[in-house]
Amino acid sequence: MTDHNQRPVEPSIVTDFSDRLSYAGYLSLDGLLAQQRPLSHPQHHDEMLFIIQHQVAELWIKLILHELTAAIEHVRNDRLPPTLKILSRVKLIQMQLFDQWAVLETLTPSEYMEFRGVLGNASGFQSFQYRKLEFLLGNKNADTIQVFAHDRAVHDDLLRALHAPSLYDEFLRYLARRGYNIPVTCLERDWSTPHIRNEALVDIFREIYRHAKQHWEAYEMCEKLVDMEEYFQLWRFRHLKTVERIIGFRRGTGGSSGVGFLRQALELTFFPELLASRTEAPKDSSPTEAPQQ
């Protein structure tokens, strides 16, 4: 009698990996899956969730850094179309980071307190990848890299990112090369400081939105940046609410005020002129497709 609840292994499927690259080998799974090492003793069941949640987030952030580094290089070399593709991918990664907070929210306060002590002063504030991500997007703050002074390679990498133009800085320089009247103060400045809102830029972006068909690539880039800022803020807010749900208003393991410190980040913005330009509605209707070339 044939068992119809079983899929036969096709004869063509390779099964001998004694001398060839396997799935586990390509992905280095032996090393990757050995990195989840709970410290609680006796081991608390939910610490594995906590570790994997944060490790997965770091992997996604690593991919965002990979993508944004390429995007900045494209903009620097006047290649906006591939940049748009990259930023579409970044938005989808951001959605993954947002959604995974729901998994951590299954951790109750009493469960977390069972192993919180083993973290010591370890905190997400010490994520060098997250800090570099904020630098690439323009949230520059030299004081935030002091926590990495013990790791010379990481500190130097962050220092380079701190003193380099952000994605937004490079976009403004791109617009200047294309004939837009970008203020000189936005083109050559101390890149280690955050961008400050400039009303002249607000007017330029209003013009781009009013006549989107005449400024199609710039218009699309503006929308991609707004997408990225929105999803970054949504991630920040979900982080805050997850922390509030699990530890209330306790201080953070790294010494911060916890929820209060996270709430301050909601006031930070990467691309202020893009949001300010929306105060006045565009005079012509929004385009639904790219103009014919």
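**Exercise 1. Work out how helix 3 and helix 9 pack against each other.**

Step 1: Start with the geometry. The axes of helix 3 and helix 9 lie 9 Å apart and make an angle of about 15°. Here axes are lines fitted to C-alpha atoms, for helices over the stretch in contact, with angles running from 0 to 180 degrees between N-to-C directions. Helices themselves are DSSP runs (H or I, at least four residues), numbered from the N terminus.

A quick word on the model before going on: it is predicted, so local features need pLDDT of at least 70 and side-chain atom pairs count only at pLDDT 80 or more, while totals for chains, interfaces and linings use all residues. Residues are numbered from 1 along each chain as its sequence is written, and side-chain values use heavy atoms, leaving out hydrogens and water.

Step 2: Name the arrangement. Helix 3 and helix 9 are therefore roughly parallel, a label for angles under 35 degrees.

Step 3: Find the handedness. The crossing of helix 3 and helix 9 is left-handed, meaning that the near helix is turned anticlockwise from the far one by less than a right angle.

Step 4: List who meets whom. From helix 3 come Leu-68, Ala-71, Ile-72, Val-75 and Arg-76, and from helix 9 come Leu-167, Glu-170, Phe-171, Tyr-174 and Arg-177. Contact means heavy atoms within 4.5 Å.

Step 5: Sort them by class. This contact has seven nonpolar, three charged and no polar residues. (Ala, Val, Leu, Ile, Met, Phe, Trp, Tyr, Cys and Pro count as nonpolar, Asp, Glu, Lys and Arg as charged, and the others, Gly among them, as polar.)

**Exercise 2. Describe the largest nonpolar core and the part Leu-167 plays in contacts.**

Step 1: Count the core. It has 61 residues, and Leu-68, Leu-167, Phe-205 and Leu-225 have the most contacts inside it. Such a core is a set of buried Ala, Val, Leu, Ile, Met, Phe, Trp, Tyr and Cys residues joined through side-chain atoms within 4.5 Å.

Step 2: See where the residues come from. Elements giving two or more residues include helix 3, helix 4 (80–99), helix 9 (167–177) and helix 11 (216–247). Helix 11 supplies the largest share, 14 residues.

Step 3: Zoom in on Leu-167. Leaving aside neighbours within four places in sequence, its contacts include Leu-68, Val-75, Leu-87, Leu-136, Met-221 and Leu-225.

Step 4: Look for another core. A second, separate one has seven residues, among them Ile-145, Phe-148, Leu-158 and Leu-162.

**Exercise 3. Is His-74 buried or exposed, and what does it touch?**

Step 1: Place it. His-74 sits in helix 3.

Step 2: Check accessibility. His-74 is buried because its relative accessible area is 18%. (Buried means under 20%, exposed over 50%, partly exposed in between, with a 1.4 Å probe and protein chains only.)

Step 3: Check contacts. Not counting residues up to four places away in sequence, His-74 touches Arg-79, Pro-82, Thr-83 and Ile-86.

**Exercise 4. Look at the backbone of Ser-28, Asp-78 and Pro-42.**

Step 1: Take Ser-28, in the loop between helix 1 (23–26) and helix 2. Its phi is positive, about 50°, although it is not a glycine. With 41% relative accessibility, Ser-28 counts as partly exposed.

Step 2: Move to Asp-78, in the loop between helix 3 and helix 4. Asp-78 also isn't glycine, and its phi is positive, near 60°. Its 32% relative accessibility makes Asp-78 partly exposed.

Step 3: Finish with Pro-42, in the loop between helix 2 (29–32) and helix 3 (47–76). A cis peptide bond, with omega about 0°, joins His-41 to Pro-42.

Key
Parallel < 35°, antiparallel > 145°, perpendicular 65-115°, else oblique.
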